Amino acid sequence: MNLQVKQRIPLKIKRMGINGEGIGFYKKTLVFVPGALKGEEVFCQVVSVKRNFVQAKLLKINKPSKFRVEPACSIYEDCGGCQLMHLRYDKQLEFKTDLLGQALKKFKPANFESYDIRPTIGMEQPQHYRAKLQFQTRSFDGSVKAGLFAEGSHRLINIDDCLVQDDLTQAIMNKVTNLLDKYRLPIYNERKIAGIRTVMIRRALGSNQVQLIFVTSKSVSFTKLVKELTESFPEIVTIAVNYNYSKSSEIYGQETEILWGQDTIQEEVLDYSFALSPRAFYQLNPQQTEVLYGQAVEALDVGKAEHLIDAYCGVGTIGLAFANKVKSIRGMDIIPEAIEDARKNAKSLGLENAHYEVGKAEDIIPRWYKEGYRADALIVDPPRTGLDDKLLKTILAYTPEKMVYVSCNVSTLARDLVSLAKVYDVNYIQSVDMFPHTARTEAVVKLTKKM
């Protein structure tokens with residue numbers, strides 16, 4: 001490889017990569033260029049040289065794509081939270097469908113060439129969709145700033161008007177920043193590790209209720225701030241504090257307490273409502289969650305005599321959609337607050353056939369089978385890391401007749417399908433755009449046991 005750091009080269013972009021970057025070849029060397037689009041001719045500068053590829057920064061677009069658009073966000077290039085705002089939205093959807101194809105081609109699960117990959121389902125209005133905000137707080141020149149770290153750094157980008165963030169949560173965050181300044185509350189310092197480090201704000205679309213968590217590494221009196229904040233925003237019904245004393249990049253510590261208001265907020269999806277504790281996981285795009293869960297229900301064709309397991313169940317959101325369609329549903333999650341919410345949600349819906357336990361699916365499912373329980377169907381909605389190896393082996397050992405895999409990472413999905421496709425037919429993959437203007441997508445995979 002003859003390319004050197006700081007070398008400037010012309011490049012024609014052949015395709016787009018899994019992180020939304022443009023990819024081209026310079027004298028047979030693979031070159032990744034963030035911000036470049038397929039079909040463009042660009043001039044770029046090498047920033048790093050790896051064993052099999054180089055990374056470069058975009059200097060000039062000599063021939064722009066006809067699908068390039070001007071990003072509507074003023075901090076788009078600095079923030080790094082979105083990667084595709086410079087690409088026309090319909091083409092973003094095509095890119096996300098192509099992502100699945102790229103991942104499958106890399107991992108090559110059985111018969112992947114014949115998989116039915118359906119066009120990505122997008123949004124009519126792909127702005128202000130994020131109903132959950134999770135901003136870092138830092139102090140600069142005597143005033144508090146809140147936002148996200150620039151990609152690959154610990155440089156905080158102040159965000160007070162995010163194009164993809166829900167308007168109400170952004171307004172509340174701006175007020176919080178103002179009040180942190182006003183009452184001179186201690187803000188996290190990476191050297192001293194003492195103070196408020198993160199603020200999480202979540203709005204329930206169904207009820208318009210808002211909950212808020214302050215994550216802090218020291219005890220702080222929030223009394224005056226809470227009073228003024230709740231007077232300004234009656235939508236706020238829960239304010240909690242989470243104590244994180246760790247030096248790690250983990251957002252939350254183990255201890256959470258309610259400072260003010262009620263324990264949960266009420267959200268709705270499909271035809272049912274449910275409660276969410278501050279720490280419980282829920283999708284950050286409520287509008288598309290309706291679409292995603294609808295696709296999961298359609299993919300998993302279950303009957304009244306069947307038993308269903310909902311692995312990684314969280315507060316029970318996906319599984320609850322099936323409760324009236326099956327004989328029993330069982331779920332598990334490693335977060336105790338989520339399981340407590342799941343039990344309360346089942347009870348509030350009058351369900352007597354739902355059972356939830358705290359723990360790992362790979363530990364609980366074998367025990368249930370030893371106790372005589374048999375599942376006809378399985379739903380998995382794992383984190384970005386995909387299925388745990390032990391859970392994957394458990395699924396292959398017990399192989400329920402039908403399965404739906406809800407994925408938020410096309411790479412780990414394709415990797416897991418290498419094992420699953422040995423015992424299941426992949427009927428189809430339906431991509432849903434949960435994160436417009438980013439390089440991420442979700443997918444619902446329908447699987448049925450091979451005859």
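This passage describes the sheets and helix contacts of a predicted model. Local features need pLDDT of at least 70 and side-chain atom pairs count only at pLDDT 80 or more, while totals for chains, interfaces and linings use all residues. Residues are numbered from 1 along each chain as its sequence is written, and side-chain values use heavy atoms, with hydrogens and water left out.

Helices (H or I, at least four residues) and strands (E, at least two) are DSSP runs, numbered from the N terminus. Two strands are said to pair if DSSP finds at least two bridges between them. Five strands form a closed barrel in the order 1-2-3-5-4, with mixed pairing. In this barrel, neighbouring strands are turned by 50° against each other on average, direction ignored. Within the barrel, strand 4 (residues 41-49) and strand 5 (residues 53-63) pair in the antiparallel sense over eight bridges, and Gln 45 stands opposite Lys 57 in strand 5. The UniProt record, an unreviewed entry, places the feature "domain: TRAM" at residues 2-60. UniProt positions are given in the numbering used here, feature names are shortened, and annotations may be inferred rather than shown by experiment. The span of residues 2-60 is 0% helix and 61% strand, and its end C-alpha atoms lie 22 Å apart.

Seven strands make up an open sheet, ordered 9-8-7-10-11-12-13 and with mixed pairing. Strand 9 (156-158) and strand 13 (255-261) are its edge strands, each pairing on one side only. From one strand to the next, the twist averages 35°. Axes are lines fitted to C-alpha atoms, for helices over the stretch in contact, and angles run from 0 to 180 degrees between N-to-C directions.

Strand 7 takes part in two antiparallel pairings. With strand 8, strand 7 pairs in the antiparallel sense over five bridges, and Thr 137 stands opposite Ala 146 in strand 8. The hairpin of strand 7 and strand 8 has two residues between the strands, and Asp 141 takes a positive phi near 50° there. Strand 7 and strand 10 also pair in the antiparallel sense, over five bridges, with Phe 135 opposite Val 199 in strand 10. Towards the edge formed by strand 13, strand 12 (residues 236-243) and strand 13 pair in the antiparallel sense over six bridges, and Thr 238 stands opposite Gly 261 in strand 13.

Two helices are placed against this sheet, where contact means heavy atoms within 4.5 Å. Helix 4 (residues 223-232) packs on the sheet and touches strand 11, strand 12 and strand 13, its direction making about 150° with that of strand 12. Helix 3 (residues 167-182) lies across strand 7 (132-140), strand 8 (143-149), strand 10 (196-203), strand 11 (210-216) and strand 12, and runs at about 150° to strand 10.

The axes of helix 3 and helix 4 come within 10 Å and cross at roughly 150°. The two helices are therefore roughly antiparallel to each other; angles under 35 degrees count as roughly parallel, over 145 as roughly antiparallel, 65 to 115 as roughly perpendicular and the rest as oblique. Helix 3 passes helix 4 in a right-handed crossing; a crossing is right-handed if the near helix is turned clockwise from the far one by less than a right angle, and left-handed if anticlockwise. Ile 172, Lys 175, Val 176, Leu 179, Leu 180 and Lys 182 of helix 3 meet Leu 225, Glu 228, Leu 229 and Ser 232 of helix 4. This contact has six nonpolar, one polar and three charged residues (Ala, Val, Leu, Ile, Met, Phe, Trp, Tyr, Cys and Pro count as nonpolar, Asp, Glu, Lys and Arg as charged, and the others, Gly among them, as polar).

Helix 2 (residues 89-107) and helix 10 (residues 410-420) have axes that come within 8 Å and cross at roughly 40°, and are therefore oblique to each other. Their crossing is right-handed. The residues of helix 2 in this contact include Leu 99, Ala 103 and Phe 107, and those of helix 10 include Val 410, Leu 413 and Arg 415. The residues of the contact divide into ten nonpolar, one polar and one charged.

The axes of helix 8 (residues 361-370) and helix 9 (residues 389-398) come within 8 Å and cross at roughly 25°. Helix 8 and helix 9 are therefore roughly parallel to each other, and their crossing is left-handed.
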